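Biologist: Hi! I'm new to this one, so please walk me through it in plain words.

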Amino acid sequence: MTAQDSKLGDTDDKIFVGKGDEQAWLTLALANRHGLVTGATGTGKTVTLQVMAEGFARAGVPVFAADIKGDLSGISEVGEAKDFIVKRASGMGLNFQPDQFSTVFWDVFGEQGHPVRATVTEMGPLLLARMLDLNDVQEGVLNVAFRVADDAGLTLIDMKDLRALLDAIVPDSGKKGADAEEDPLAAIRKAAQGFGNVTKATVGTIQRQLLVLENQGGTKFFGEPALTLKDFMKTDRDGRGMVNILVADKLLQNPRLYATFLLWMLSELFEELPEAGDLPKPKLVFFFDEAHLLFNDAPKALLDKIEQVVRLIRSKGVGVYFVTQNPVDVPDRVLGQLGNRVQHALRAFTPRDQKAVAAAAQTFRPNPKLDTAKVIMELGKGEALVSFLEGNGTPAMVERVLIRPPSARIGPITPDERKTIMAASPVKGKYDTAVDEESAYEMIQKRIAGTAATADGSASGSGGGLLGQIGSIVGTIFGTSVKRGRLSAGQVIARDVTRSVTNQVIGGMAANIGKSVGGQLGGSIGRTLVRGALGGLLRR
């Protein structure tokens, strides 16, 4: 070992993960080929995740990880040189050095971390339908609603915007005689019916599903300032990668919301990052804990999108690591993209368990010295079967190793320690105050009150007057007034500009300014909010 090896176990181009008959090294240049960490509950998956996250952070690679039990939060505090930790490190030839890592906490509910928000427009109908557990007919109506919003310049920011839009596309069952009052939403209803039969019953079902999501805390997720994913991709003053931890204990109470949220983040990274090719180390490593929730009951269309993102996002410099109990939790077509494998113990108490163990063993490159299936059931806590990609990109033969001890604290931090970290956060104040700008809800209310544009919709999408004409021109330039397809450069730029402006408009005074300005610019800038590969811009 070099001097650096004896201190940290890592080199400039590799992360030392564990040691058995052979040393297990994760090559940074191949870390964006994705990976899988599996094993039964209590076998050490979280510690392995922490060891890998620490190694990436030391190498200057930012990390994002979901923290289900709260144990991963200890990475932010200095580790303790306990006897069993020092003993394990010494047995591997390591000189244990307590350490800690710069950490940013995130929380969809804004309770134990910075709020994480997305707009309804960015989420898109495909992921939102998955979140709401809609059937094909209901998802079709949701697609109609989004298309009408795009065409009419109705920006969908939060849940009340979506509710107002759904109410607006319901066919008018009121009086139709000559003396009937003019329907201020006639243009919207007519546009919706032009895409297919939209019934009151179907819209009502979607509204009830929205209520369920709201009761589970989904209201806090949709809004602005929307998350800027580049805030995940930062290093600290020492050049180490920031460790971003999503507090997910409460979020996991709604598994579908949890899985869809992380999938949205992954798809946004895929859309926003430029092609990077093969890099010496990843730009970001993304750990997806409880990954089986992503694939449970997922329709084929969604699985196709997931496979596409996982296959292509490595060229953007992002490594994705799924963490779950068994490799069979991950579909074969996704599993085939995961080259770096860590398998902790599995228990085979039933015939079904025995089949799962056999399947897990078959995912490794065989080692003549090991009976892989047998060893999987014999592994102790902290032991694992490991196979990482070698220099030519092929999996190494599976080895039985003891995972190295983390340098930071093992276990959760205290509420006071969390408050201290939050107070010194590099994004403190950026997302903490919600902004409620004028969007679809306010625009529709103005129409109903008679203060909006004429009911025939001639100015509804542009705000009227000179600004309305400018909005129409901008919509054409950015491609939002034409048939939707691949994201144009203008659309991507427009989304980034919109986000940048929104993130600077914070606080009560800024919100009021946004109310007045939004009415004029909502038709033009709002229409440039686009949805990504998994957001349902186009099923491609």
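Modeller: Happy to! One term to begin with: helices (H or I, at least four residues) and strands (E, at least two) are DSSP runs, numbered from the N terminus. This is a predicted model, in which local features need pLDDT of at least 70 and side-chain atom pairs count only at pLDDT 80 or more, while totals for chains, interfaces and linings use all residues. Residues are numbered from 1 along each chain as its sequence is written, and side-chain values use heavy atoms, with hydrogens and water left out.

Biologist: Good. Where does P225 lie, then?

Modeller: P225 sits in the loop between helix 9 (218–221) and strand 7 (243–247). The peptide bond that leads from E224 to P225 is cis, with omega near 5 degrees.

Biologist: And what is usual for peptide bonds and phi?

Modeller: Most peptide bonds are trans, and most residues other than glycine have a negative phi.

Biologist: Which residue in the loop between helix 4 and helix 5 should I look at?

Modeller: Try D133, which lies between helix 4 (120–132) and helix 5 (136–152). D133 is not a glycine, yet its phi is positive, near 60 degrees. E290 is not a glycine either, and has a positive phi of about 50 degrees. You'll find E290 in the loop between strand 8 (284–289) and helix 11 (292–295).

Biologist: How does E290 count by relative accessibility?

Modeller: As partly exposed, at 25%. The scale is this: buried means under 20% relative accessible area, exposed over 50%, and partly exposed in between, with a 1.4 Å probe and protein chains only.

Biologist: Let me zoom out. How many helices and strands does the chain have?

Modeller: There are 20 helices and twelve strands. The chain has 540 residues, and buried ones make up 55% of them. If you take contacts (heavy atoms within 4.5 Å) between residues at least 6 apart in sequence, 78% join residues at least 24 apart.

Biologist: New topic: pockets. What volume does the largest pocket have?

Modeller: About 630 Å³. A pocket here is an open set of points on a 1 Å grid over the protein atoms alone, where a 1.4 Å probe fits, with protein on both sides within 12 Å along at least five of seven lines; lining residues have an atom within 4 Å of a point. Grid points are joined across faces, edges and corners, and the volume is the space filled by probe spheres set on the points.

Biologist: Which residues are closest to the centre of the pocket?

Modeller: Of the 32 residues in the lining, those are G42, G44, K45, T46 and V47. Helix 2 (45–58), helix 3 (83–91) and strand 9 (318–324) each supply at least two lining residues, and the largest share, six, comes from helix 2. By class, the lining has eleven nonpolar residues, 13 polar and eight charged. Nonpolar covers Ala, Val, Leu, Ile, Met, Phe, Trp, Tyr, Cys and Pro, charged covers Asp, Glu, Lys and Arg, and the others, Gly among them, are polar.

Biologist: Is helix 2 enclosed, or is it left open?

Modeller: Twelve of its 14 residues are buried, so helix 2 is largely enclosed by the rest of the structure. The buried ones include K45, L49, F56 and R58. Helix 2 is followed by G60, whose phi is positive, near 85 degrees.

Biologist: What about the loop after strand 9: what does N326 touch there?

Modeller: N326, in the loop between strand 9 and helix 13 (332–335), touches T38, L346, A356 and A360, leaving aside residues up to four places away in sequence. N326 is buried, with a relative accessible area of 8%. Its side chain reaches the backbone nitrogen of V328 at 3.0 Å.

Biologist: Last one: where is L402 found?

Modeller: In strand 12 (residues 399–403). L402 is partly exposed at 28% relative accessibility, and its contacts beyond four places in sequence include V17, K19, R88 and M92. K19 belongs to strand 1 (residues 14–20) and is partly exposed too, at 30%. Besides L402, K19 touches M92 and V401, again not counting residues up to four places away.

Biologist: And K87, is it exposed or buried?

Modeller: K87, in helix 3, is exposed at 67% relative accessibility. K87 and P405 are 318 residues apart along the chain, with their C-alpha atoms separated by 9.7 Å.

Technical notes
Polar contact = N/O pair within 3.5 Å; in protein donor to acceptor, adjacent residues only side chain to side chain.
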